[in-house]
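New to this one? Here is a quick briefing to read alongside the sequence and the 3D view.

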Amino acid sequence: MGVSAHIVVVGAGIVGAATALALAERGFAVTLLDRAAPGSAVSGASLACLGTHQNSEVELPQLIWATRRWAEWDQRFTGAFHYRRCGQIRFIDHAADISTAEHWIALERAAGLSAQLLNLDEVRRIEPALTGPILAASWSPDDALVNPFLSVRTLLRAAVEAGARFLGHQPAQRIDCQGDRVTGVTTPDGRIDANTVVVTGGPWTAGLLAPMGIELPIVPRKAQCLATVAQPPTIRGVVGASKSEQGGVHGGYTQIQQSEAGQILFNTVLAGGESAPGSPDRVPQVDLPFVVDSATTLMRLFPGLRHVDLLRSWVRYEAVTPDDRFIIGPVGPTGLYVGAGDNGTGFLRAPVIAEIIASAIAGTRCAVDPSPYDPARFAPKVALQ
Amino acid sequence: MTTVSAERITCDVCVVGGGPAGLSAALAARRAGASVELLDLFERPGGQYFMQPAHPPTGAAARQVAEGRALIEHVLASGVLIRSGVEVFGAYDEPLILARRGDAALVVKPRAVVLATGAHDRPAPFPGWTLPGVMTPGAAQRLVKLHGTRPGSRVVLAGCGPFLLVVAAQLRAAGCDVVRVVETSPSPLALAAALARFPRHWPEAARIMLAVVPLLPRFRFGRIVTRAAGETHVTGAIIARIGRDGRVLTEGAEELDGIDALLVGYGFRPSVELATMLGCALAHDWDAGGAYVVADRVSGATSVPGIFAAGEITGIAGARPALAAGECAGIAAAGFAGKATPSPDGGRLKQAMDFALALRRAFRPPYGTLGRLPQDDTLLCRCEEVRASEVRAALDEGAGDAHGVKMWTRAGMGPCQGRICGFGISVYAGCAGSADPAVFGANAARLPARPVPVDVLAAAVGMATREEGAQIIPTG
């Protein structure tokens, strides 16, 4: 190819698309690469919930900033990605978990958010189909959903309109360096020269950086989901399991929602349902225990859906870090940046990553505090060469 | 409390599909000493080729039905258990087969599996193809063979391949007025040349030819249906010549009126869903139907140990190769299950395949032409109502492949999961986005292979993952 670009962004999921947009808008010449179709890996498999509720205490300021940015994008792109402020319910089915929910509600309210505890009548008013045996629920009315596919498409289109170039089906095979400087990215079609490379490659990130002697603690984790055929409007918002005192979610993790096209999307991973390690290059079928857990949980919470036809399942590998937070910032040689480690919650955080990386490259003030994501927190594993 | 019953079966060999390949596989495996379960989707076994109507027909059709009936009786007499009306919706490589019959869950844990899941029609979109009265030749054949129902009284039959001749003969026998038979291949010479080399097939060819002789003046070679006309039902069709460069020559196109059925199909697509879910290696060749299962030419062994494939899913070839391949795969599967078996004899299969491949070469659909048929407002994906212009816009913005198009337009996201629309989107993208249709990819099959109620799914998978236990699962 032999083309020249100042910045190459590797990975066109929601994080890469947002980052390319932020950089192009700051006037940089940007080339965005993806190994396949844009958003076809983690982003395309995401349930794309934009929620501050029961999410991350440490990151609450950043998450609030991110939700505002998403709402601004919705205005700016005039509904192109179907932003819906549908709210989020976290159901509680163990009495011990009520105090945990109250803890989250208190700290979110202190930050100016409007989470609250609901009794059963209030739950039924918001989600009438949720008639399963739960005790109570927490409720966060400002949480939203977006269409994950159209979000990537919209940000990618905006980045291209701002001058970025997108190359699909162009896997980055190697990041090239000269001395202590990044010089480009090698793809099967040739080399793209660059003085700055941003790797937003999700579960592929660590593998791309490993040959450079940079060891990032990012491992792939199997994420799975099931979808029914389209139904009439049944579920209004996001329904999940409330976190429990024991850490994590009592008895597991659940997310259930209805897509705008009507399909019910649902998944439940019960404690002990941790899946075997795998590679994002070879996507297997959904695990059978996962299918049982997800189907029985859906039927328990929404008995009216038990005869609905399942249409589809899917599996992707998300990128997991030891502390469940993204790794964002410079690593290794001069000019190399990373924004990866979605932990299954990359959609909401995409604008945060874009802001941190773009302001770092531009040398401008960052609108959010980047410190929770500092790659150096895993030093000395991230060896500065 | 409602309950879903769940049954778990173990056997040496589970055959999926009750057409020629599946029936002969089941028979061969049983004769080799294996316990065999055959799961078939339809009310009666036989598949499309050996379809068994409730009331046996007379005349030309009787011969084929009788041959199928004889085979089915052999299979039953051998001790194979044929389970009809069973929808297989999942497969895992333990191996494990997840199925249902109505609202009852069925789990099969065999030692070996023979996939003989066949194929289905391969339509290509063109303006007007969604009008009532437009259907595939295979669907029309099913109406005639199974129910004695005519798809229409004045019918145009169009597409590519010798299957059109067979359907033309059957429609005529059923009393349809076949107004035109529109074949994209330039002339009958290629068919004649293919036949010339295989005298063994002359009697069968002669029977079919004889039946369509009165229709010969109505045959149009080197032509294609470019549009179906009609308000609420198809009433007409435009038939145009295909130029040397594959473009449609609008000049001199025939505008046919006064019809009530238009049957269009461009070959068949292998039903590779279960094989895909099992992780069997696939290859791609449009002339073989698209994605097909890579299988050993004799044993039918796929890339996954214990999983064998026979018939159309290994590449479209017709019933004779399927019968031979089924026998080989049945023997090999019984061998895998621990039965002492002779090596399958691939001689008959090779002979049958040679002829099938010659026919395949003689009838190659004009993929480039098909890709040019849709207009901007033509629906490419019927389930999600996605138009050609939307697919083109997604390609222009970098969607890149079938998965990208699906995400950005929802094409292929509906109940058919790309089985019906995948071919059309792919050949369209081959023109609109200059993508190579073979690498454009397809909507990969995932659980469930067919829609299944959540409670039946839970009962089946619950039964599959549980140790030996109760047969009834409460679900609500």
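What follows is a short tour of how chain A and chain B meet, and of a sheet that draws on both chains.

Keep in mind that this is a predicted model. Chain B averages a pLDDT of 92, and its contact with chain A takes 42 residues from chain B and 37 residues from chain A.

**How far to trust it**

- In chain B, 96% of the residues score a pLDDT of at least 70.
- One stretch to treat with care is residues 469–476 of chain B, where pLDDT stays under 50.
- The model still gives that stretch 24 contacts beyond four places in sequence.
- Where pLDDT is low, it's best not to read the predicted coordinates in detail.

**Where the chains meet**

- About 3,400 Å² of area is buried between chain B and chain A, and carbon and sulfur atoms give 59% of that.
- Chain B and chain A share two salt bridges.
- One of these pairs the side chains of Arg157(A) and Glu397(B), at 3.0 Å from N to O.
- There are also 17 residue pairs in polar contact between chain B and chain A, with both residues at pLDDT 80 or more.
- On the chain B side, the elements giving two or more residues include the strands β4 (87–92), β5 (96–101) and β22 (452–453), along with helices such as α7 (273–278), α11 (388–396) and α12 (402–409).
- The largest share of that side comes from α15(B), with seven residues.
- Sorted by type, the chain B residues that touch chain A come out as 24 nonpolar, 11 polar and seven charged.

**A sheet built from both chains**

- Nine strands make up an open sheet with mixed pairing, in the order β6(A)-β7(A)-β5(A)-β15(A)-β16(A)-β17(A)-β14(A)-β18(A)-β22(B).
- Which strands stand at the edges? They are β6 (116–118) of chain A and β22 of chain B; each has a single partner strand, so one side of each has no neighbour in the sheet.
- At the chain B end, two bridges join β22(B) to β18 (residues 309–320) of chain A, and these strands run antiparallel.
- Within that pairing, Asp309(A) has Pro453(B) as its bridge partner.
- At the other end, three bridges join β6(A) to β7 (residues 136–140) of chain A, and this pair runs antiparallel too.
- There, Leu118(A) stands opposite Ala137(A) in β7(A).

Conventions: Residues are numbered from 1 along each chain as its sequence is written. Chains are lettered from A and ligands numbered from 1 in the order in which they are written. Side-chain values use heavy atoms; hydrogens and water are left out. pLDDT is the predictor's confidence in each residue, from 0 to 100. Contact means heavy atoms within 4.5 Å. Buried area is the accessible area (1.4 Å probe) that two parts lose on being put together, summed over both. A salt bridge is a side-chain nitrogen of Lys or Arg within 4 Å of a carboxyl oxygen of Asp or Glu. A polar contact is a pair of N or O atoms within 3.5 Å; within protein, one must be able to donate a hydrogen and the other to accept it, and residues adjacent in sequence count only if both atoms are side-chain atoms. Helices (H or I, at least four residues) and strands (E, at least two) are DSSP runs, numbered from the N terminus. Ala, Val, Leu, Ile, Met, Phe, Trp, Tyr, Cys and Pro count as nonpolar, Asp, Glu, Lys and Arg as charged, and the others, Gly among them, as polar. Two strands pair if DSSP finds at least two bridges between them.
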